[in-house]
Amino acid sequence: MFINTYINDLHISEGDSHRGDCPMCRGRNTFTATKIDGTIVYNCYKVSCGSKGRVSVGLNREDIYALISRNEFVMSHDKTEPFVMPTYVTHDLNKPIIKAFMHKWGLLKNLVSSYIMYDVKDDRLVFPIRDENGTLVDAIGRSLNGARPKWLRYSGRADYYVQHTWQIKKKAIIVEDIVSALVVYDCFPDVDGVAILGTSLTHRHVDFLSKYEHCVVALDPDARNKTVAYTKQLKNYVSEVTAYPLTDDIKYRKVEDMEGLRKVLA
């Protein structure tokens with residue numbers, strides 16, 4: 001097939017991506033292809049085209065070396081000391097600015113030390129991040145005084161955030177930040193709010209999200225292009241994926257958005 005030949009001729013290295021004009025519809029810069037474990041997954045983001053699929057191209061010597069290096073890094077990463085919260089991050093949440101922030105986003109019911117803490121040194125609200133085993137792996141601090149960066153990673157180990165309740169859930173709403181994920185947790189008890197904590201969807205995100213039966217991509221309104229791109233990418237790995245166009249940031253809990261998401265999830 002033509003597309004197979006085209007994909008092979010791209011010579012994409014393991015873990016890398018290509019973006020350019022679509023060979024099928026000639027859409028300008030609408031075609032992406034990513035190589036993961038010897039298979040290239042491709043999509044065209046042009047609605048009238050919608051070409052997508054996967055082509056097995058195998059691994060060359062450089063790819064195998066890259067995979068070995070990646071696996072060695074992961075193994076050494078797993079053997080590192082567990083993440084320990086800095087001593088200046090406390091459980092004291094009585095400061096007025098903290099209560100104001102939490103009230104603004106409806107997080108008062110989450111006044112639990114395992115969910116939220118406070119960085120007294122940098123004046124940040126801190127969200128611990130635990131893996132599926134309950135192990136503390138990272139934390140992210142949200143500035144309360146306008147300092148930069150707005151969000152600060154304490155270890156950089158976590159690829160995503162989900163408020164683990166150790167209850168098996170079949171559906172997830174994908175959002176951008178932790179506050180949005182907690183709003184999902186508050187408004188949709190049977191759904192996981194998954195914050196991607198970055199500007200792109202990586203293979204680690206895809207691996208985690210593939211466990212769900214239905215994912216709804218609900219990024220902020222100014223990220224519509226990403227919403228479409230993530231939806232198309234996930235359709236290769238998740239049984240049902242829906243792009244939901246929010247009218248406003250999900251943190252504002254607009255009635256039309258909440259009702260629309262409930263209909264989609266139903």
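These legends walk through five close-up views of a predicted model.

**View 1. Four strands, β1 to β4, make an open sheet.** The strands sit in the order β1-β2-β3-β4, and their pairing is antiparallel. At the edges you will find β1 (17–20) and β4 (52–56), each of which pairs on one side only. From one strand to the next, the twist averages 15°. Look for helix α1 (residues 2–10) as well: α1 lies across β1, β2, β3 and β4 and runs at about 65° to β2.

**View 2. Here β2 meets β3.** Strand β2 covers residues 31–36 and strand β3 covers residues 39–44; the two pair in the antiparallel sense over 6 bridges. To get your bearings, start at K35, whose bridge partner in β3 is I40. Strands of a sheet pair through backbone hydrogen bonds, either parallel or antiparallel.

**View 3. Strand β8 pairs with both β7 and β9.** With β7, the pairing is antiparallel and spans 7 bridges; one pair to pick out is L125 with its bridge partner R142 in β8. The hairpin of β7 and β8 has 5 residues between the strands, and G134 takes a positive phi near 90° there. With strand β9 (residues 151–153), β8 pairs in the antiparallel sense over 3 bridges, and G141 has L152 as its bridge partner in β9. Strand β8 is mostly covered, with 8 of its 8 residues buried.

**View 4. The largest nonpolar core has 38 residues.** Those with the most contacts inside this core are L125, I129, Y161, I173, I178, F188 and L261. Elements that each supply at least two core residues include β7 (124–130), β8 (136–143), α4 (178–187) and α7 (255–265), and α4 gives the most, with 7 residues. Zoom in on I129 and, leaving aside its neighbours within four places in sequence, you will see contacts with residues including L136, V137, I140, Y161, I178 and L197. Apart from this core lies another, of 20 residues, among them V162, V206, C215 and Y230.

**View 5. Helix α7 has a buried side and a face turned away from it.** The buried residues of α7 are D257, M258, G260, L261 and L265. They cover an arc of only 165° around the axis, so they lie on the same side of α7. An α-helix has 3.6 residues a turn, so residues three or four places apart point the same way. What covers the buried residues of α7 includes β11, α4, β12 and β13 (214–217). On the face turned away from the buried side, look for the exposed residues V255 and K263.

Technical notes
Residues are numbered from 1 along each chain as its sequence is written. This is a predicted model: local features need pLDDT of at least 70, side-chain atom pairs count only at pLDDT 80 or more; totals for chains, interfaces and linings use all residues. Side-chain values use heavy atoms; hydrogens and water are left out. Two strands pair if DSSP finds at least two bridges between them. Axes are lines fitted to C-alpha atoms, for helices over the stretch in contact, and angles run from 0 to 180 degrees between N-to-C directions. Contact means heavy atoms within 4.5 Å. A nonpolar core is a set of buried Ala, Val, Leu, Ile, Met, Phe, Trp, Tyr and Cys residues joined through side-chain atoms within 4.5 Å. Buried means under 20% relative accessible area, exposed over 50%, partly exposed in between (1.4 Å probe, protein chains only). The arc is that of the directions from the helix axis to the C-beta atoms.
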